[in-house]
Amino acid sequence: FSVAMQSLLLVLAACLASASLAALSVELGVDPAKLSHYTAAEFTCHDGSQKLPLSAINDDYCDCSDGSDEPGTSACSNGFFFCTNRGHESKNIFSSRVNDGICDCCDGTDEYAGVVKCSDRCMEEGQEKRNDLNRFIESQEKGLAKRGEYIEIAAKVKEEALARKAELDAQITEKEAVLNEMTLKKENLERIVEEEKEARRQLDEANAAAKEAAQEAERAALQAENEARTLEAADDGSGGLEAAAAAPGEAAAAP
């Protein structure tokens, strides 16, 4: 078609849409999350600028400055039309795209005036999305399975490490007991060596004292013997000179 013909069709569509506005539901183009705003006794603009009767909803006249009173028509350029897109992803489009001759919603609900006939493509378009999601879920499940394997391996490694640690702890305890026993034996041997050294020192001192006492006794005996001879020579008057002369020599012979 020529541009003029397309424009004419759009005008006719607008006229048809205006003629059928009385039959439009107040819920047309409404996001389900905001549906309660459109089913109350009266409607309040989302920006709170004013209150309207429900008859003003989708009447093809823009009453609210935020365009919230015309979710199902193109009267407000800043409003939004909710595409349900069952079987695919729901989305909001600018309400200015409603009945503009272009199928923006995959379910075709934005072109209800009939200027163009929009087939429902949501299941087809959503299939690839679902395939991607299934592939993602499958990869996640594989990842979780692999993670489970890693957890199992890690648990086994941890168990083996704990068992090895317990074994090493037992060996350390055993070695410490042996070391303590050897240390005690060493200390006992050192004590015995010290006692033997002390005994030898005392024995050496006793031997030295005994030797000195024997020498002193021998000297005392010689001195007594010499004194006895001198007295004997003096008593009988004979050999006094010989005894007197011999005494110094004998005395000198004594150590």
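F81 counts as buried, because its relative accessibility is 1%, and this residue is a convenient place to enter the structure, which is a predicted model. Strand β3, which spans residues 80-83, is the element that holds F81. The C-alpha atoms of F81 and S96 are separated by 8.6 Å, although the two residues stand 15 residues apart along the chain.

From this starting point one can step back to the chain as a whole. The protein chain contains 3 helices and 4 strands, and reading along the sequence gives the order α-β-β-β-β-α-α. Of its 255 residues, 18% count as buried. The chain exposes about 17900 Å², and carbon and sulfur atoms supply 58% of that area. Among the contacts with a separation of 6 or more, those between residues 24 or more positions apart account for 31%.

Some care is due over how far each part of the model can be read. The pLDDT of the protein chain averages 85, and 84% of the residues score at least 70. Over residues 16-22, however, the pLDDT is below 50, and this stretch has 8 contacts in the model beyond near neighbours in sequence. Residues 251-255 also have a pLDDT below 50, with 4 contacts in the model once near neighbours in sequence are set aside.

The interior can be followed through its nonpolar cores. The largest nonpolar core has 8 residues in all, namely V30, Y38, F43, C45, L52, A56, I57 and C64. Within this group Y38 is worth tracing in the structure, since, leaving aside its neighbours within four places in sequence, Y38 is in contact with V26, V30, F43, H46, L54, I57, S68 and P71. F81, with which this account began, belongs to a second, separate core of 5 residues, which also includes C83, I93 and C105.

Two asparagines deserve a look for their backbone geometry. Most residues other than glycine have a negative phi. N85, however, has a positive phi of about 50° although it is not a glycine, and the place of N85 is in the loop between β3 and β4. With a relative accessibility of 2%, N85 counts as buried. N99 likewise has a positive phi, near 55°, in a residue other than glycine, and N99 is found in the loop between β4 and α2. At 13% relative accessibility N99 counts as buried, because the limit for that label is under 20% relative accessible area.

The charged side chains tell a further part of the story, for the count of salt bridges comes to 15. One of them joins the side chains of K129 and E89, with 3.5 Å from N to O. Because K129 lies in helix α2 and E89 in the loop between β3 and β4, this pair ties together parts that are 40 residues apart in sequence. K129 is partly exposed, with a relative accessible area of 43%, and E89 is also partly exposed, with a relative accessible area of 45%.

Other salt bridges lie within helix α2 itself. R164 forms a salt bridge with E167, the closest N and O atoms being 3.2 Å apart. Because R164 and E167 are 3 residues apart in helix α2, about one helical turn separates them. R164 is partly exposed at 43% relative accessibility, and E167 is partly exposed with a relative accessible area of 40%. The side chains of K186 and E190 meet in a salt bridge as well, at 2.5 Å from N to O. K186 and E190 both lie in helix α2, 4 residues apart, which is about one turn of the helix, and E190 is partly exposed, with a relative accessible area of 39%. In addition, salt bridges that share partners join E128, D132 and R135 into one network.

Helix α2, which covers residues 122-236, is also the place of F136. F136 counts as partly exposed because its relative accessibility is 48%, whereas F81 counts as buried at 1%. Together with L133 and I137, F136 forms a nonpolar patch on the surface, and the three residues have about 280 Å² of accessible area together.

How values were computed. Residues are numbered from 1 along each chain as its sequence is written. This is a predicted model: local features need pLDDT of at least 70, side-chain atom pairs count only at pLDDT 80 or more; totals for chains, interfaces and linings use all residues. Side-chain values use heavy atoms; hydrogens and water are left out. Patches are made of residues with over 30% relative accessible area and no salt bridge: like charges are joined within 9 Å, nonpolar side chains (Val, Leu, Ile, Met, Phe, Trp, Tyr) within 5 Å. Accessible areas come from the Shrake-Rupley method with a 1.4 Å probe; for residues, only the protein chains shown count as cover. A salt bridge is a side-chain nitrogen of Lys or Arg within 4 Å of a carboxyl oxygen of Asp or Glu. Helices (H or I, at least four residues) and strands (E, at least two) are DSSP runs, numbered from the N terminus. Buried means under 20% relative accessible area, exposed over 50%, partly exposed in between (1.4 Å probe, protein chains only). A nonpolar core is a set of buried Ala, Val, Leu, Ile, Met, Phe, Trp, Tyr and Cys residues joined through side-chain atoms within 4.5 Å. Contact means heavy atoms within 4.5 Å. pLDDT is the predictor's confidence in each residue, from 0 to 100.
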